[in-house]
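Trainee: Could you walk me through this one, starting with the terms?

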Amino acid sequence: MLKAIEEKVYSNKRISADDALYLYQTEDIFSLAKMASHLRKIKNSGNAYFVINRHVNPTNICVNRCKFCAFSRSKGEEGAYELSIEQIIKKLKPAAGSGQNFSEVHIVGGLHPDWPFRYYLDLLSSIKREFPSIAIKAFTAVEIDYLSKISGLSVEDTIAQLKKSGLDLMPGGGAEIFDPSVRNALCPEKISGESWLSIMEAAHKQGIKANSTMLYGHIESIEHRIDHMMKLRELQDRTGGFQAFIPLKYHPQNTEAGGFESSGIDDLKTIAISRIVLDNFDHIKAYWIMLGEKVSQIALMFGADDLDGTVIEEKITHSAGATSKEGMTRQELVNMITRAGRVAVERDAYYNHIKVYDRQGI
Ligand code: V47
Ligand code: SF4
């Protein structure tokens, strides 16, 4: 069976769900790495991307309270916080003023029970006014659905209003695992997988490029993961609106769902299989915050071509026990990539090249 799958991959043919299942079952991770690297090379040659960015989470107060989320709090609970627009602008100033070619701000947060739609519009327009050259990648499909409910607007009009205020791109969070049985068990309050996909389709139609994710390593089966990837591949065939796929490694600490961390082998297989299945995606991101530096470096040999960015402040994974740093400098990212044998390419939010670093690093 592996031979037949290899034949498909090396002749640029699409693999099936059954093929993907077989790849998860194989112990031949070397053949897996070779196939994924072949495809990565065709799409991105020897480049490994990173971006100078900053994450901001406006609030951790959330009405959903997913069982895998250690970041969220209920209103009034100890540790709950809310950032004003001024506080967010203040957080962005050092990064923006550092002369570092700051490219992207990534904004996701809890579903706040009281904030008005205006807060989100004003947040976007204030950031655009202060930092016109920074791309704003904000609000998951789950947040867009919530904003449409609080504003009374359709999803399409909600996206249009946000876009008019400065929204450039959307992050890929909130996808989790699309299968309803997993969603009902872990995040019953969250929008369905179908709604997540249809909101993304609506965003793509308005020219908003987005990422996609899959939270893995909790209660889902391998079949659920493959079904998730297949649904993303189908939508991407229709819209071409996804830039990257990011497998998100579940971190169990301080969560209601509990459990264990996935193994390094599972992490690498998931990167490689996603590279092979998602043949219509340009980029597979090994999110170093969740995978850690070492596994992310090896992921570059298993089909990944992007490590995300400087991040600066990370709350979601660190609330759940991540042991990685909260942020990295440009120099650290370049070194991490070049020491793994790839060409470090600093990109902007749309994967335009900003600077290519030679193998010596900075
Ligand atoms: O939607 C929540 C996940 C996501 C945990 O688009 C957890 O470029 C692990 O989507 N362990 C938010 N993961 C993060 C995200 C993201 C990150 C970096 C880049 C991009 C991008 C997107 O984090 C949530 C949820 O799926 N999450 N709890 C946890 N305990
Ligand atoms: Fe809220 Fe998102 Fe955490 Fe779920 S994952 S509780 S929607 S912040």
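Mentor: Sure: strands are DSSP runs of E, at least two residues long, numbered from the N terminus, and two of them pair if DSSP finds at least two bridges between them. It's a predicted model, so local features need pLDDT of at least 70 and side-chain atom pairs pLDDT 80 or more, while totals for chains, interfaces and linings use all residues. Residues count from 1 along each chain as written, chains are lettered from A and ligands numbered from 1 as written, and side-chain values use heavy atoms, without hydrogens or water.

Trainee: How many bridges join strand 10 to strand 11?

Mentor: Strand 10 covers residues 343-347 and runs antiparallel to strand 11. One bridge pairs Arg 347 with His 353 of strand 11. The number joining the two strands is three.

Trainee: Which strands stand at the edges of the sheet?

Mentor: The sheet is open, with mixed pairing and the order 9-1-10-11. Each edge strand has a single partner, so one side of each lacks a neighbour in the sheet. That makes them strand 9 (306-309) and strand 11 (353-356).

Trainee: Which residues are around ligand 2?

Mentor: Around means a heavy atom within 4 Å. The list is Cys 62, Asn 64, Arg 65, Cys 66, Phe 68, Cys 69, Ser 72, Gly 110 and Lys 190.

Note on methods. Helices (H or I, at least four residues) and strands (E, at least two) are DSSP runs, numbered from the N terminus.
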